[in-house]
Amino acid sequence: MSSKLAIYPGSFDPVTNGHIDIIVRGLKIFDRIVVGILNNPEKNPLFTVTERKAMLEASLKSFTNVEVDTFDGLLVDYALQRGAQAILRGMRAVSDFEYEFQMALMNRRLNREIQTVFLMTGLRWIFTSSSIIKEAARFGGNINGMVPKVVNRQLQRKFAALDPSS
Ligand code: PNS
């Protein structure tokens, strides 16, 4: 049987424990996962692609069958180039559905060979997102246990550097 590869794409600005949960679940189905960070400066990210990649690599270093990479352009082109059979996406609440459905249908229209597979996130991560975690961290909220330790440290460092009063 051929080895099954999935691309797990996203902004990962920064990676959260919800993302890690999806990767762990994904590894029960796929032999290998490539985490694809979209290099999209238009999104005005907090972390550079290099910083995001380093945080993902540090958080996933115990997984030998997970690779972290970056991509530009169309996701389906990248998936094809990497030889992936599927795009892996996490689904939290119903609020994710419309955006995810739209993206999956567009990707299918662009390339019918690549399947989108949705995995339901663990209940404890259902309310987390990179954006809401960044907002909490920006104002000094406790985000312990919501992100890998390396990410927590980088968030504190980033916001301290951005705050001229500190
Ligand atoms: O973590 P995000 O921001 O929800 O991830 C969105 C992402 C990166 C998966 C999506 O924006 C994407 O695939 N962009 C690449 C461009 C593309 O292929 N667009 C057409 C399909 S919608």
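Q: Let's start with helix H6. Which of its residues are buried?
A: This is a predicted model, to say that up front. In it, the buried residues of H6 are Val150, Val151, Asn152, Leu155, Lys158 and Phe159.

Q: And what covers them?
A: The cover includes two other helices, H2 (49-59) and H5 (130-138).

Q: How far does H6 reach, end to end?
A: H6 runs over residues 149-162, which is 14 residues. From its first C-alpha to its last it reaches 20 Å, close to the 20 Å expected at 1.5 Å a residue.

Q: What about the loop just before it, between H5 and H6? Where does isoleucine 143 sit, and is it buried or exposed?
A: Isoleucine 143 is in that loop between H5 and H6. It counts as buried, because its relative accessibility is 1%.

Q: What does isoleucine 143 touch?
A: Leaving aside neighbours within four places in sequence, isoleucine 143 is in contact with Ile133, Ala136, Ala137, Asn152, Leu155 and Gln156. Asn152 and Leu155 are also among the buried residues of H6.

Q: How far is isoleucine 143 from isoleucine 133?
A: The two are 6.8 Å apart in space, C-alpha to C-alpha, and 10 residues apart in sequence.

Q: OK, switching to the ligand. What's around it?
A: There are 14 residues surrounding the ligand, and the closest are Ser11, Lys43, Leu75, Arg89 and Met103.

Q: Which side chains put an N or O atom by a ligand oxygen, and at what distance?
A: Lysine 43 is one of them, with a side-chain N or O atom 2.6 Å from an oxygen atom of the ligand. Tyrosine 99 has a side-chain N or O atom 3.4 Å from a ligand oxygen. Arginine 89 also belongs here, with a polar side-chain atom 3.0 Å from an oxygen atom of the ligand.

Q: How much of the ligand does the protein cover?
A: On its own the ligand has 540 Å² of accessible area, and the protein covers 77% of that.

Q: Back to arginine 89. Which residue does it form a salt bridge with?
A: Glutamate 100, with the closest N and O atoms 2.8 Å apart. Glutamate 100 lies in helix H4 (residues 97-110) and arginine 89 in strand E4 (residues 86-91), so the salt bridge ties together parts that are 11 residues apart in sequence.

Q: Are those two buried or exposed?
A: Glutamate 100 is buried, with a relative accessible area of 4%. Arginine 89 counts as buried as well, at 16% relative accessibility.

Q: How many salt bridges does the structure hold?
A: Eight salt bridges.

Q: Which one links distant parts of the chain?
A: Aspartate 13 forms a salt bridge with lysine 134, and their closest N and O atoms are 2.9 Å apart. Aspartate 13 is in the loop between strand E1 (5-10) and helix H1 (17-26), while lysine 134 is in helix H5, 121 residues apart. Both aspartate 13 and lysine 134 are buried.

Q: Now for H2. What does glutamate 57 pair with?
A: Glutamate 57 forms a salt bridge with lysine 53, the closest N and O atoms being 3.1 Å apart. They are separated by about one helical turn, because they sit four residues apart in helix H2.

Q: And how exposed are they?
A: Glutamate 57 is partly exposed, with a relative accessible area of 36%. Lysine 53 also counts as partly exposed, at 26% relative accessibility.

Q: Lysine 53 also touches aspartate 69, right? Where is aspartate 69, and what else does it touch?
A: Aspartate 69 lies in strand E3 (residues 66-71). Not counting residues up to four places away in sequence, aspartate 69 touches Val34, Val35, Gly36, Ile37, Lys53, Tyr78 and Arg82. With tyrosine 78, the side chains are joined by a polar contact of 2.6 Å.

Q: Is aspartate 69 buried or exposed?
A: Aspartate 69 counts as buried, at 18% relative accessibility.

Q: Last one, proline 45. Where is it, and what does it touch?
A: Proline 45 lies in the loop between strand E2 (32-38) and H2. Not counting residues up to four places away in sequence, proline 45 touches Asp13, Asn40 and Arg52. Proline 45 counts as partly exposed, at 27% relative accessibility.

Notes
Residues numbered from 1 in each chain as written. Predicted model: local features only at pLDDT ≥ 70, side-chain atom pairs only at ≥ 80, totals over all residues. Heavy atoms only, no water. Expected span 1.5 Å × (residues − 1). Buried < 20%, exposed > 50% of the residue type's maximum accessible area, 1.4 Å probe, protein only. Contact = heavy atoms within 4.5 Å. Near = heavy atom within 4 Å. Polar contact = N/O pair within 3.5 Å; in protein donor to acceptor, adjacent residues only side chain to side chain. Areas by Shrake-Rupley, 256 points an atom, 1.4 Å probe, with all protein chains shown as cover. Salt bridge = Lys/Arg side-chain N within 4 Å of Asp/Glu carboxyl O.
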